[in-house]
Amino acid sequence: ADVVSKNGNLLLNVPLRADGSLPEEAGTVLDELGAWLQVNRQAIFGTRPWKLAGEGPTETIGGDLGENKTLPYTAEDIRYTRKIWLDDGEERETVFTNILGWPGANEEVVLGALAAGTEAARPIGTVRLLGHDGALRVVRDRNGLHIQLPAEPPSPHAIVFRID
């Protein structure tokens, strides 16, 4: 989600044993990535960066092996992507917010980039948490778009809101 929000391409380096088999640890990582993409693929595939790549305290370190130098992402780290589509000839935009950690059961997430009155503010139709079927409590004010989380995360990794 971090790479896609910055218009990057993710390269996965998957080690294989000499006999061509996959080590168990690598298989686990690929299985978890696949399970996450089953739920959240629409926030990744066919998307482009939004007006703002993200917000939050964790700085990404670039360059050779930068991923080893970046601190673990937290629930305060948010990355944005968007998808443009046509609806009866009218251009529409869907914004996806990737929360890079689970804030906790029934906690509130505040998306500051979508605060009322900001340059990036846009009309909000529906807000859905991908992988969650229930309704969400959503309030927008000058501090941001406030979203009340459910009791259980839909994924053990990043969670994604779809904002139409």
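Which residues have the most contacts inside the largest nonpolar core? In this predicted model, they are L111 and F161, and the core they belong to has 19 residues. Several strands feed into this core: β2 (78-87), β3 (90-99), β4 (108-111), β5 (127-129), β7 (144-148) and β8 (159-163) each give two or more residues. Of these contributors, β8 gives the most, with three residues. That nonpolar side chains end up together like this fits a general habit: in soluble globular proteins, they tend to be buried together.

F161 is a good place to get a feel for the core. Setting aside neighbours within four places in sequence, F161 is in contact with V95, F96, T97, I99, V109, V127, R128, L129, L136, I147 and L149. There is also another core, lying apart from the one just described; this second core has ten residues, including W36, L37, A43 and L130.

Next come the strands themselves, starting with the sheet that holds β8. Five strands make up an open sheet, in the order β1-β2-β3-β8-β5, and the pairing is antiparallel. At the edges sit β1 (48-55) and β5, each of which pairs on one side only. On average, neighbouring strands of this sheet are turned by 20 degrees against each other, if direction is ignored.

Walking across this sheet, β1 and β2 run antiparallel and are joined by four bridges. Here E55 stands opposite I78 in β2. Further along, five bridges link β3 to β8, again an antiparallel pair, and N98 faces V160 of β8. On the other side of the pairing list, β5 and β8 run antiparallel with three bridges between them; in this pair, V127 is found opposite I163 of β8.

Is β8 itself enclosed or open to the outside? Five of its five residues are buried, so β8 is largely enclosed by the rest of the structure. Its side chains split into two groups: I159, F161 and I163 point one way, while V160 and R162 point the other way, and all of them are buried. Note that R162 is on this buried list too.

The other sheet is also open, and it is built from three strands in the order β4-β7-β6, with antiparallel pairing. Its edge strands are β4 and β6 (138-141), and each of these pairs on one side only. From one strand to the next, the twist averages 20 degrees. Within this sheet, four bridges connect β6 and β7, which run antiparallel. One residue to look for here is R140, whose bridge partner in β7 is L145. Two strands of this sheet, β4 and β7, are also among those that give two or more residues to the 19-residue core.

Finally, a helix residue deserves a look. N40 is found in helix α2 (residues 24-40). Is N40 buried or exposed? N40 has a relative accessible area of 1%, and because buried means under 20%, N40 counts as buried. Leaving out neighbours within four places in sequence, the residues in contact with N40 are L130, A158 and V160. Two of these have already come up: L130 is among the residues of the ten-residue core, and V160 is one of the β8 residues that point the opposite way from F161.

Note on methods
Residues numbered from 1 in each chain as written. Predicted model: local features only at pLDDT ≥ 70, side-chain atom pairs only at ≥ 80, totals over all residues. Heavy atoms only, no water. Core = buried A, V, L, I, M, F, W, Y, C linked by side-chain atoms within 4.5 Å. Buried < 20%, exposed > 50% of the residue type's maximum accessible area, 1.4 Å probe, protein only. Contact = heavy atoms within 4.5 Å. Pairing = 2+ DSSP bridges. Axes fitted to C-alpha atoms, helices over the stretch in contact; angles between N-to-C directions.
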